Amino acid sequence: MSDTATPNVIRRADYAPPAFLIDTVDLEFDLVPDRTIVKNTMRVRRNPAAAHTTASTADLELMGEQLEFVSAAIDGKPYARVRAHEHGLTLENVPDAFELVLTGACAPADNTTLSGLYVSSGNFFTQCEAEGFRRITWFLDRPDVMATYTVTLRADKIAYPVLLSNGNLIAEGTLPDGRHYAKWEDPFRKPSYLFALVAGKLVALEERIESGSGKEKLLQVWVEPQDLDKTHHAMDSLIHSIRWDEKRFGLELDLDRFMIVAVSDFNMGAMENKGLNIFNTKYVLANPETATDTDFANIEAVVGHEYFHNWTGNRVTCRDWFQLSLKEGLTVFRDQEFSAAMSGGDENDAARATKRIEDVRVLRQVQFAEDAGPMAHPVRPESYVEINNFYTMTVYEKGSEVVRMYQTLFGRDGFRKGMDLYFQRHDGQAVACDDFRAAMADANGRDLAQYERWYSQAGTPRVTVTTHYDEAHRRYSVTLAQDYANSSPAARETQKGPLLIPFAIGLIGPDGADLPLRLEDESAVSGTTRVLEFTEAQQTFTFVDVPVKPLPSLLRNFSAPVIVEYDYSSTELAFLLAHDSDPFNRWEAGQRLATRELLALAARAARSEPLEVDDALVDAFRRVLNDETLSPSFRELALMLPSETYLAEQMAESNPAAVHAARLFVRKRLGAALKTDWLASYDKHLTPGAYEPTPEAASRRALKNLALSYLAELDEPADAVRLATAQYDAANNMTDRAAALQALLNAAAGTGRDVARHALEDFYARFEREPLVIDKWFALQAAQRGSAQHPVLETVRALMKHPAFNLKNPNRARSLIFSFCAANPAQFHAADGSGYAFWAEQVLALDAFNPQVAARLARNLELWRRFTPALREPMRAALEKVAAEAKSRDVREIVEKALA
Ligand code: TRP
Ligand code: ZN
């Protein structure tokens with residue numbers, strides 16, 4: 001059967017333990033780019049736990065893909081009853097326990113999928129999650145088959161001086177013909193998706209540290225020689241991660257050596273292979289000249305994420321891929337908490353809020369959208385066609401919220417007890433999301449049966465709030481109702497009943513101060529924020545001794561991944577923006593205020609009616625900008641308008657052109673009305689002297705560069721052009737240089753003048769040898785503002801012919817093509833459908849050699865049914881073209897679900 005026939009659906013309900021187990025794996029590689037020989041020696045035995053659940057068969061079925069079969073032997077004798085086929089090997093009538101030696105070959109130099117063993121810049125790398133190991137050798141390539149591995153690598157010594165694999169180096173030496181070898185042993189049992197090898201011309205930054213219990217650890221960050229000066233931040237981030245996991249969770253590094261390797265051809269962010277994390281260069285390499293503050297923060301987060309997987313993912317792994325959020329949701333939660341701590345906010349709510357706001361913005365813009373479309377799925381999906389398509393915002397980000405809610409319910413100490421019990425019970429095992437929930441429940445003496453719905457129900461819950469103040473009895477009641485009003489059909493099928501929603505609430509008095517809280521069943525007043533446990537379809541909570549009619553502050557710190565509907569007046573929102581003690585909700589009030597205004601304007605723009613901005617919004621923004629009690633980074637977040645993508649999703653029918661017009665109009669108005677404030681703020685937040693990537697300095701740069709971007713919106717942007725040009729020329733760091741270039745590009749779009757050309761050319765010449773910076777150069781141009789006279793698509797097509805463009809490199813493809821399709825909605829959704837035709841072309845081009853990356857791009861049109869009718873038809877036509885021509889199961893799953 002070919003991939004284009006009805007694809008096979010894999011279902012969670014069909015899980016069965018494997019018929020065989022593999023206890024040890026000994027791999028020998030003769031690394032040659034065109035044909036690498038892999039000799040795989042395994043101890044195999046029948047799985048005692050499978051006897052009753054699987055039809056007893058004497059055959060062993062191993063998975064394998066794109067492999068050339070060479071030979072098989074059982075217990076030292078050649079074995080003839082072997083059949084090699086498209087999906088693997090069938091070994092007929094095998095004994096109950098035996099040693100199996102399989103020899104095969106693969107072709108790393110021709111492997112453009114970046115899954116399995118491949119070559120990048122002349123070096124060898126592997127990527128095995130989720131199902132890449134079967135492209136290296138035949139195996140029971142599923143996460144509940146755990147084995148210990150020894151690995152011998154043999155290769156030419158000049159071309160591949162460095163030979164790395166998981167665990168500890170136990171032998172190395174030279175071989176005849178200019179070759180050498182290294183032998184590695186990983187003492188921990190692991191699933192095959194955590195296997196890794198690296199071979200090539202690499203150099204390392206090294207540190208030796210003592211872990212919590214006093215053991216010496218060798219830490220290495222391996223890169224190509226020209227990048228050694230960009231490894232310090234990754235190393236610092238690794239050390240901070242190790243310390244934080246010891247302190248917060250009592251979890252220590254369990255290997256003598258921990259390695260990070262950077263590779264420039266990589267499908268995703270990074271991979272947590274045991275002891276040998278492999279990273280996209282984007283999440284390793286940084287120095288002030290090449291990396292922005294955001295890059296520095298992302299590196300810290302991703303280094304933390306992969307390191308934290310060593311316990312949450314590797315020591316305790318997933319039973320099957322439906323449980324992916326067991327490791328990903330939990331590890332994202334851990335990296336978010338780590339980043340919050342590093343930004344100075346382990347105990348400080350205001351500093352923590354900045355990180356929280358950033359995370360929630362992404363969740364709402366991207367995960368809520370996923371939930372509203374044809375790919376909607378629960379945190380623990382029920383079925384998939386291609387597992388690579390389920391490394392999603394829902395599994396990662398909503399999964400993280402589902403973990404965070406345990407901490408919201410039980411506190412940090414209760415959460416820690418649950419974690420401790422989880423490791424006590426499951427260290428060394430492959431388990432399920434239910435096991436994590438059970439550990440949290442048992443450690444905290446709670447029945448969490450209802451909580452299971454957070455794992456099994458897709459769609460974004462909506463909580464509608466109504467309030468009533470009974471002045472005579474000084475009672476304030478809050479009625480919460482939950483439903484899934486915004487769900488897609490895909491989500492609706494999964495919904496069974498109400499969720500346990502931890503709903504944090506505060507009540508604010510007319511003076512702006514929090515009121516002390518007492519619910520009617522409580523004996524005394526305590527605190528000013530209460531986490532309501534909201535479990536029914538509708539429920540009323542009554543606060544007593546409430547002296548005045550309060551203003552409710554709802555879902556503080558975004559205590560659950562839900563949509564809150566409450567009928568705030570604009571005056572009330574402005575009041576919350578000025579006074580709420582919960583920094584998240586202060587930001588939220590400003591966003592609601594702006595969203596309301598922007599959506600009203602978008603509706604007018606759609607009808608070609610004249611636009612006008614409410615002065616109340618301008619005044620509220622001015623107060624925030626000039627409020628010195630707020631950190632610059634908080635002000636930057638509060639003054640940034642919701643994105644065009646988010647706004648379009650809030651419309652009954654998405655109209656990107658109308659949203660763009662409305663948002664630009666408001667930005668111009670804010671730019672002009674607050675011009676002197678922006679100019680003053682710009683000067684006040686300069687960061688003279690040497691670059692420091694500290695949260696404080698980054699916070700100042702963020703607000704300063706936001707000021708610059710508003711000034712660039714003016715119809716006569718002379719101030720912005722002057723400031724941006726000077727900033728560009730004087731910059732000693734990439735944050736300022738890139739922000740200046742972006743301001744110039746936007747100023748140019750407004751005036752039609754070519755004020756950005758010199759900077760663009762200079763930028764390219766200056767960073768020609770820094771691929772990650774050239775990615776920014778492509779991305780800035782792809783996402784730049786365009787107009788009907790100057791469509792950005794023309795620029796993008798011209799840039800595709802640039803000698804530095806290369807579709808095969810995922811970072812480069814993302815920088816130009818994904819940036820245009822996803823980060824430039826007004827241009828991508830051009831009325832003539834040209835953006836969609838381009839999208840179809842590029843999805844198909846990518847599909848021919850890298851289905852994983854193609855499928856990511858394919859998702860860009862999945863919300864087509866929610867757009868205005870005029871766009872829907874060209875979108876459908878583009879989807880149908882891809883559906884007719886795409887070859888991979890990855891892309892087909894996406895477009896077929898979109899069209900269904
Ligand atoms: N497990 C990795 C992480 O979240 C991500 C990952 C999954 C990945 N599949 C991949 C990375 C394929 C690269 C390629 O940390
Ligand atoms: Zn992960």
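**Exercise 1. Find which residues UniProt lists for the peptidase domain, and describe their secondary structure.**

Solution. Start with the record: an unreviewed UniProt entry lists residues 234–451 as "domain: Peptidase M1 membrane alanine aminopeptidase". Now turn to the model, which is predicted. Over residues 234–451 the chain is 56% helix and 9% strand. The C-alpha atoms at the two ends lie 37 Å apart.

**Exercise 2. Work out which protein atoms hold the zinc ion (ligand 2), and what kind of site they help to form.**

Solution. First, list the protein donors: NE2 of His305, NE2 of His309 and two OE atoms of Glu328, at 1.9 to 2.8 Å from the zinc ion (ligand 2). Next, look along the chain, where the donors follow the spacing H-x3-H-x18-E. His305 belongs to helix α2 (residues 293–308) and Glu328 to helix α3 (residues 324–345), so this pair ties together parts 23 residues apart in sequence. Both of these residues, His305 and Glu328, are buried. Finally, check the geometry: the angles among the 6 donor atoms run from 49 to 161 degrees, and the site is irregular. For comparison, six ideal octahedral donors would give 90 or 180 degrees.

**Exercise 3. Classify the aromatic pair of Trp244 and Phe308.**

Solution. Begin with the two values: the centres are 5.1 Å apart and the planes are 50 degrees apart. Planes between stacked (under 30 degrees) and edge-to-face (over 60) count as tilted, and this pair is indeed tilted. Trp244 lies in helix α1 (residues 232–249) and Phe308 in helix α2, 64 residues apart. Trp244 is buried, with a relative accessible area of 5%, and Phe308 is buried too, at 0%. Lastly, widen the view: ring pairs link Trp244 and Phe308 into a cluster, with Phe249 and Tyr307 among its other members.

Technical notes:
Residues numbered from 1 in each chain as written. Chains lettered and ligands numbered in written order. Predicted model: local features only at pLDDT ≥ 70, side-chain atom pairs only at ≥ 80, totals over all residues. Heavy atoms only, no water. UniProt positions renumbered as here; feature names shortened; annotations may be inferred. Helix = DSSP H or I, 4+ residues; strand = E, 2+ residues; numbered from the N terminus. Donors = N, O, S within 2.8 Å, 3.2 Å for Na, K, Ca; no water. Tetrahedral: all angles 85-135°; square planar, octahedral: opposite > 155°, others 65-115°. Buried < 20%, exposed > 50% of the residue type's maximum accessible area, 1.4 Å probe, protein only. Phe/Tyr/Trp six-rings, centres within 6.5 Å; stacked < 30°, edge-to-face > 60°.
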